[in-house]
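This report describes selected features of one protein chain for a reader working at the bench. The sequence and structure appear first, and the description follows.

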Amino acid sequence: MTLVGVVGAGVMGAGVAQNLAQAGHDVALVDNTPQAVTKALSTIELNSRMSRLLGGPELDPDTILGRIKAGTDLALLADADLVIENITENWELKRGLYLEMDHTVQPDAVFVANTSAIPITRLASLTTRPRQFVGVHFMNPVPMKPAVELIPGHHTSPEALEKVRDLLTSMGKKAIPVNDACGFVSNRVLMLTVNEAAFLVHEGVADAETVDEVFRSCFGHPMGPLQTADLIGVDTILYSIEVLHEHFADSKYRPCPLLKQMTDAGLHGRKSGQGFYSYGAPAASSAAVDSGGSRPTAATR
Ligand code: NAD
């Protein structure tokens with residue numbers, strides 16, 4: 001692999017770019033917001049510096065950053081062999097990007113969609129290269145998670161799938177193949193759980209800390225569903241459950257109003273500094289995973 005494009009430099013894009021650079025790949029990282037690019041680079045710098053402390057390998061931040069060329073211009077992706085898309089979970093935004101990337105990126109390149117719920121075949125249909133289109137559902141924080149869901153679309157060629165498998169292997173990921181369906185395997189279950197946990201807080205059955213405590217202490221989960229929501233991004237949870245709701249037209253996926261209100265209020269979780277819990281300043285590091293935030297926010301107590 002000579003050059004891997006990464007588009008979207010938020011929580012996932014920053015993690016994917018870091019993981020690729022750790023594996024020795026050259027990376028072109030693009031976001032349409034300059035602030036997101038700056039934040040991603042400082043997150044990668046900090047996470048590389050802290051890697052050993054967090055149980056990862058010893059990393060030299062200068063070497064990692066030296067492999068990443070970052071900016072806001074899609075032209076940076078033009079010569080990439082493979083582009084991993086990680087932009088906001090929104091059909092219209094993804095649609096606009098794929099239509100543009102299909103012209104900008106060299107025709108032989110493989111597109112990889114990192115999405116929480118949108119079917120891969122639907123995204124591939126936006127391009128003239130559905131045979132070179134693969135879904136990979138990365139887990140967060142990307143450099144620390146050992147496995148991904150690997151999702152071929154209806155037209156995906158064996159060669160494209162093999163190319164993506166090889167890349168994932170180089171990144172230290174085990175690829176678990178699943179069929180193409182809205183939400184795949186993980187988020188059909190996880191999004192319902194998080195949405196229902198938000199309903200418990202919304203209805204005053206329990207506060208966020210209590211909900212999470214039940215999952216940690218009774219089920220032995222390392223993190224509760226609302227700590228997980230803060231890690232993923234409360235906005236991303238909302239957009240994902242909206243995708244599931246629209247796709248299945250099933251009321252079991254109706255989004256909890258509290259998720260909508262928190263998204264509107266900018267309480268997006270770790271990345272904004274506040275979600276179901278308060279984190280002080282906006283989290284610079286997606287790798288700073290521990291047992292959750294320090295205290296519940298006023299909105300969720
Ligand atoms: P995020 O909100 O942290 O980042 C999204 C980034 O996309 C932002 O920086 C935004 O500026 C950028 N963006 C939006 N439109 C763009 C465009 N047209 N061109 C370039 N950049 C654009 O979101 P995230 O959590 O990183 O999620 C990214 C994708 O990965 C989503 O589809 C999400 O569902 C999926 N995902 C998220 C997680 C998670 O835990 N957060 C896990 C797996 C998959």
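**A buried aspartate in helix α8**

In this predicted model, D212 belongs to helix α8, which covers residues 208-219. D212 is buried but takes part in no salt bridge. The nearest side chain of opposite charge is that of R216, at a distance of 4.9 Å. A salt bridge requires a side-chain nitrogen of Lys or Arg within 4 Å of a carboxyl oxygen of Asp or Glu.

What, then, does the side chain of D212 make a polar contact with? One partner is the side chain of Y277, at 2.5 Å. In addition, a polar atom of the D212 side chain lies 2.8 Å from the backbone nitrogen of L226. Leaving aside residues up to four places away in sequence, D212 touches G224, P225, L226, Q227 and Y277.

**The enclosed helix α9**

Two of the residues touched by D212, P225 and L226, also appear among the buried residues of helix α9. Helix α9 spans residues 225-232, and eight of its eight residues are buried, so the helix is largely enclosed by the rest of the structure. The buried residues are P225, L226, Q227, T228, A229, D230, L231 and I232. Which elements do the buried residues of α9 pack against? They pack against α7 (186-202), α8, α10 (234-248) and β9 (277-278). After α9 comes G233, which has a positive phi near 120°.

**Strands β4, β5 and β6**

Strand β4 (residues 82-85) pairs with β5 in the parallel sense, over four bridges. Within this pairing, I84 has V112 of β5 as its bridge partner. Strand β5 comprises residues 110-113; V110 and V112 point one way, F111 and A113 point the other way, and all are buried.

A113 is also one of the residues touched by G135. G135 is located in strand β6, residues 133-137. Is G135 buried or exposed? Its relative accessible area is 0%, so G135 is buried. Besides A113, the contacts of G135 include I120, E149, L150 and I151, with residues up to four places away in sequence not counted. The C-alpha atom of G135 is 13 Å from that of S125, which is ten residues away along the chain.

**Salt bridges**

The structure holds nine salt bridges. Side chains of opposite charge can pair when their charged atoms come close. Three of the pairs are set out below, with the closest N to O distance and the relative accessibility of each partner.

| Pair | N to O distance | Relative accessibility |
|---|---|---|
| E58 and R52 | 2.9 Å | E58 59%, R52 54% |
| K94 and E85 | 2.6 Å | K94 0%, E85 0% |
| E196 and R254 | 3.7 Å | E196 38%, R254 31% |

These pairs lie in different settings. E58 is exposed at 59%, and R52 also counts as exposed at 54%. In the second pair, K94 is buried because its relative accessibility is 0%, and E85 is likewise buried at 0%. K94 and E85 also belong to a network of salt bridges that includes E89.

E196 and R254 form the third pair, with their closest N and O atoms 3.7 Å apart. This pair links distant parts of the chain: E196 is in helix α7, whereas R254 is in the loop between α10 and α11 (257-264), 58 residues apart. E196 counts as partly exposed at 38%, and R254 is partly exposed at 31%.

**Annotated domains**

The UniProt record, an unreviewed entry, lists residues 4-180 as "domain: 3-hydroxyacyl-CoA dehydrogenase NAD binding". In the model, this span is 38% helix and 20% strand, with its end C-alpha atoms 24 Å apart.

The unreviewed UniProt entry also lists residues 183-279 as "domain: 3-hydroxyacyl-CoA dehydrogenase C-terminal". This span is 62% helix and 2% strand, and its end C-alpha atoms lie 29 Å apart.

Key:
Residues are numbered from 1 along each chain as its sequence is written. This is a predicted model: local features need pLDDT of at least 70, side-chain atom pairs count only at pLDDT 80 or more; totals for chains, interfaces and linings use all residues. Side-chain values use heavy atoms; hydrogens and water are left out. UniProt positions are given in the numbering used here, feature names are shortened, and annotations may be inferred rather than shown by experiment. Buried means under 20% relative accessible area, exposed over 50%, partly exposed in between (1.4 Å probe, protein chains only). Lys and Arg count as positive and Asp and Glu as negative; His and the chain ends are not counted. A polar contact is a pair of N or O atoms within 3.5 Å; within protein, one must be able to donate a hydrogen and the other to accept it, and residues adjacent in sequence count only if both atoms are side-chain atoms. Contact means heavy atoms within 4.5 Å. Two strands pair if DSSP finds at least two bridges between them.
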